[in-house]
Amino acid sequence: MVVEARDGYRVAFGLADFAPDLGGSEALLAVRVDGSPLSDEDGPVRLVVSGDGRAARWVRQVVRVSVLPAARGE
């Protein structure tokens, strides 16, 4: 999965990032915080990933989420 921001910032995730017996992270696409819409700086959609201490994989101003087929080894 690749998540892209308005400014071109991209973050890629593999299945292992979310598998409970491997990475076990959870990802949330947020449109509100405390009941209010996200600010223009953060929204309209923001990706938040649990367990990321530095928030390096968090993405503000999400414009695209792409789910790509798994690469096959040859």
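**The β6–β7 loop, the nonpolar core and a cis peptide bond**

Ala55 is found in the loop between β6 and β7, where strands are DSSP runs (E, at least two residues) numbered from the N terminus. The model is predicted, so local features need pLDDT of at least 70 and side-chain atom pairs count only at pLDDT 80 or more, whereas totals for chains, interfaces and linings use all residues. Residues are numbered from 1 along each chain as its sequence is written, and side-chain values use heavy atoms, with hydrogens and water left out.

Although Ala55 is not a glycine, its phi is positive, at about 60°. With a relative accessible area of 28%, Ala55 is partly exposed, a class that lies between buried (under 20%) and exposed (over 50%), for a 1.4 Å probe and protein chains only. Gln61 also belongs to the loop between β6 and β7. Here too a residue that is not a glycine has a positive phi, in this case about 55°. Gln61 is buried, its relative accessible area being 18%.

Asp52 is a further residue of the loop between β6 and β7. At 19% relative accessibility, Asp52 counts as buried. Leaving aside residues up to four places away in sequence, Asp52 touches Arg57 and Trp58; such a contact means heavy atoms within 4.5 Å.

Arg57 leads on to Phe13, since Arg57 is among the residues that Phe13 touches. The other partners of Phe13 are Met1, Val3, Phe18, Leu47 and Val49, again not counting residues up to four places away in sequence. Phe13 is itself part of the largest nonpolar core, which has eight residues in all. Its other members are Val3, Ala5, Val11, Leu47, Val49, Val59 and Val62. A core of this kind is a set of buried Ala, Val, Leu, Ile, Met, Phe, Trp, Tyr and Cys residues joined through side-chain atoms within 4.5 Å. Two strands, β1 (2-5) and β6 (46-49), each supply at least two residues of the core.

On the other side of the β6–β7 loop, strand β7 comprises residues 62-66 and contains Val65. Val65 is partly exposed, with a relative accessible area of 38%.

The backbone ahead of β6 holds a further feature. Gly43 and Pro44 are joined by a cis peptide bond, with omega at about 15°. Pro44 lies in the loop that links β5 (36-37) to β6.

Methods:
Helix = DSSP H or I, 4+ residues; strand = E, 2+ residues; numbered from the N terminus.
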